[in-house]
Amino acid sequence: MNDFETSLNRMLADTFNNILKYEEVSLRNVLGVPVTITEVHIIEAVGNQENRETTISRIASLLNISKPTATVAVMKLEQKGFVVKKPCERDARRIIVSLTDMGGRIDRMHRLFHAKMVKNISRQFADAEKEVLLRAVKTLSEFFKSRVEA
């Protein structure tokens, strides 16, 4: 790798890891409950669905994880009191996952965290810099999306 590629690699890895850690620490401090960033993203996936409920298969699909991984994660969230599972009324083979009050609170705090994070980041840039940043991040996003969907 040349100097640019080495620097870019380091910055991308550091930024990704720092965002996740910052998010996890911030949510843990605000909520006072032990929740991992992976758990928060599963809670978010449920919270984004109609009636704030969905299936384990849908969670796996939304987060690009295997169904067994989603099943284990949902079981842990249920043990912590963040979600509840119930049989689907139309198809008893399917399990419906929905947020508890605490799960809903975590989801709201997570959304608030992102809104504040983006607002604070945007304050660091002049308008012209914001346009360049958005174009660069869009290019990065499209690059990674094309590799995941390939």
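Me: What makes up the lining of the largest pocket in this predicted model, by residue class?
Reply: The lining of the largest pocket divides into 23 nonpolar, eight polar and three charged residues. Its space is about 1,400 Å³, and among the 34 lining residues, Thr15, Phe16, Ile19, Met117 and Val137 are the closest to the centre.

Me: Which helices supply at least two residues each to that lining?
Reply: They are H1 (3–31), H2 (37–47), H3, H4, H5 (101–122) and H6 (127–149).

Me: Why are Glu53 and Arg90 counted in the lining of the second largest pocket?
Reply: A lining residue must have an atom within 4 Å of a pocket point. Glu53 and Arg90 belong to the 13 residues that line this pocket, and therefore each meets that cut-off. With Cys88, Arg94 and Ile96, they lie nearest the centre.

Me: What classes of residue line the second largest pocket?
Reply: Seven charged, three polar and three nonpolar residues do so. S1 gives the most, with three residues, and the pocket holds about 290 Å³ of space.

Me: Why are S1 and S3 called paired strands?
Reply: Pairing requires at least two bridges. Three bridges join S1 to S3 (residues 95–99), so the two strands qualify as a pair, and they run antiparallel. Ser98 in S3 is the bridge partner of Glu53.

Me: Why are S1 and S2 called edge strands?
Reply: The open sheet has the order S1-S3-S2. S1 (53–55) and S2 (83–87) each pair on one side only, and are the edge strands. The twist averages 30° from one strand to the next.

Technical notes. Residues are numbered from 1 along each chain as its sequence is written. This is a predicted model: local features need pLDDT of at least 70, side-chain atom pairs count only at pLDDT 80 or more; totals for chains, interfaces and linings use all residues. Side-chain values use heavy atoms; hydrogens and water are left out. Helices (H or I, at least four residues) and strands (E, at least two) are DSSP runs, numbered from the N terminus. Axes are lines fitted to C-alpha atoms, for helices over the stretch in contact, and angles run from 0 to 180 degrees between N-to-C directions. On a 1 Å grid over the protein atoms alone, a cavity is a set of points where a 1.4 Å probe fits but cannot get out, and a pocket is an open set with protein on both sides within 12 Å along at least five of seven lines; lining residues have an atom within 4 Å of a point. Grid points are joined across faces, edges and corners, and a volume is the space filled by probe spheres set on the points. Ala, Val, Leu, Ile, Met, Phe, Trp, Tyr, Cys and Pro count as nonpolar, Asp, Glu, Lys and Arg as charged, and the others, Gly among them, as polar.
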